[in-house]
Amino acid sequence: MNIIIYSPHLKSKRIKVFIPYTMEEERKLFKSIDGRFYHKQQNLWSVINTVDNLKLLKTIFKGKYEVVDQVKSVSIPKFVLSDKSLVAMALTEQKLILKAYSFNTIKTYKSELMYFFKYFENFDLTKVTKEQIESYVFYMITKYKIGESKQNTSI
């Protein structure tokens, strides 16, 4: 199994790298790079996206890597919430305001909750289980290729 260097998009801030668990020496080499970071949820390493860092990766992993294009995310479709979901959204917004959450936090939470409410439209929201919530997050990851930040916001 080879190391995978994901070809960064033009505006990407980091270059993501998958290093198989069995490649201990290569992982040690990677850990010597300044600015490295491990993304636990994605099981990927990353470094700051610079031409020099990309050259460095190709040099230290010479003959043991392949460059792969990143999978582009699929746009999440727009939709209209049902009346039941709109009521749940209004109640949630009221609770967030009473807890003195900032305008931007409320806006972000409402945006994420729209997808959540749409996904569970035919369920009693008070009876949704932890496993069902995990399946929702898994669905968003696999169907729409949401990134780590959006996963955390969804959770």
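This report walks through a predicted model, beginning with its sheet and ending with its helix pairs.

## The sheet

Let's start with the strands. Five of them make up an open sheet in the order S3-S4-S2-S1-S5, and the pairing is mixed. The edges belong to strand S3 (37–39) and strand S5 (65–69), each of which pairs on one side only. Between neighbouring strands of this sheet there is an average turn of 30 degrees, direction ignored. As general background, strands of a sheet pair through backbone hydrogen bonds, either parallel or antiparallel.

If you have the model open, strand S1 is a good place to begin. Strand S1 (residues 3–7) pairs with strand S2 (residues 14–18) in the antiparallel sense, over two bridges. Together S1 and S2 form a hairpin, with six residues between them. You can follow the register by eye: isoleucine 4 has phenylalanine 18 in S2 as its bridge partner, and isoleucine 5 has valine 17 of S2.

On to the pairing of S2 with S4. These two strands run antiparallel and are joined by four bridges; isoleucine 15 stands opposite valine 47 in S4. How much of S4 is buried? Four of its five residues are, so S4 is largely enclosed by the rest of the structure.

S4 also runs antiparallel to S3, with three bridges joining the two. Here tyrosine 38 stands opposite tryptophan 45 in S4. The hairpin of S3 and S4 has four residues between the strands, and asparagine 43 takes a positive phi near 60 degrees in this hairpin.

## Isoleucine 3

One residue of S1 deserves a visit of its own. Isoleucine 3 is found in strand S1, and is buried because its relative accessible area is 0%, where buried means under 20%. Which residues does isoleucine 3 contact, leaving aside its neighbours within four places in sequence? They are Val17, Phe18, Ile19, Pro20, Met23, Glu26, Phe61, Lys64, Tyr65 and Glu66. Serine 102 gives a sense of distance: isoleucine 3 and serine 102 are 99 residues apart in sequence and 43 Å apart in space, C-alpha to C-alpha.

## Helices on the sheet

Strand S2 (residues 14–18) pairs with S1 (residues 3–7), and two helices join this picture. Helix H1 (residues 24–31) packs on the sheet, where it touches S1, S2 and strand S4 (44–48); the direction of H1 makes about 30 degrees with that of S4. Helix H2 (residues 51–60) packs on the sheet as well, touching S1, S2, S4 and S5, and its direction makes about 15 degrees with that of S2.

## Helix pairs

Next come the contacts between helices, set side by side here.

| Helix pair | Axes come within | Crossing angle |
|---|---|---|
| H3 (residues 83–98) and H4 | 11 Å | roughly 155 degrees |
| H4 (residues 103–119) and H5 (residues 130–144) | 11 Å | roughly 110 degrees |

How do H3 and H4 lie, roughly parallel or roughly antiparallel? With a crossing of roughly 155 degrees, and angles over 145 degrees counting as roughly antiparallel, H3 and H4 are therefore roughly antiparallel to each other. The crossing in which H3 passes H4 is right-handed. On the H3 side the contact is made by Ser85, Ala88, Met89, Thr92, Glu93, Leu96 and Ile97, and on the H4 side by Ile106, Tyr109, Lys110, Leu113, Met114 and Phe117. Sorted by character, the residues of this contact are nine nonpolar, two polar and two charged.

The other pair has its own arrangement. H4 and H5 cross at roughly 110 degrees; the range of 65 to 115 degrees counts as roughly perpendicular, and H4 and H5 are therefore roughly perpendicular to each other. The crossing of H4 and H5 is right-handed. From H4, Glu112, Tyr115, Phe116 and Tyr119 meet Ile133, Ser135, Tyr136, Tyr139 and Met140 of H5. The residues of the contact between H4 and H5 divide into seven nonpolar, one polar and one charged.

Methods. Residues are numbered from 1 along each chain as its sequence is written. This is a predicted model: local features need pLDDT of at least 70, side-chain atom pairs count only at pLDDT 80 or more; totals for chains, interfaces and linings use all residues. Side-chain values use heavy atoms; hydrogens and water are left out. Two strands pair if DSSP finds at least two bridges between them. Axes are lines fitted to C-alpha atoms, for helices over the stretch in contact, and angles run from 0 to 180 degrees between N-to-C directions. Contact means heavy atoms within 4.5 Å. Angles under 35 degrees count as roughly parallel, over 145 as roughly antiparallel, 65 to 115 as roughly perpendicular and the rest as oblique. A crossing is left-handed if the near helix is turned anticlockwise from the far one by less than a right angle, and right-handed if clockwise. Ala, Val, Leu, Ile, Met, Phe, Trp, Tyr, Cys and Pro count as nonpolar, Asp, Glu, Lys and Arg as charged, and the others, Gly among them, as polar. Buried means under 20% relative accessible area, exposed over 50%, partly exposed in between (1.4 Å probe, protein chains only).
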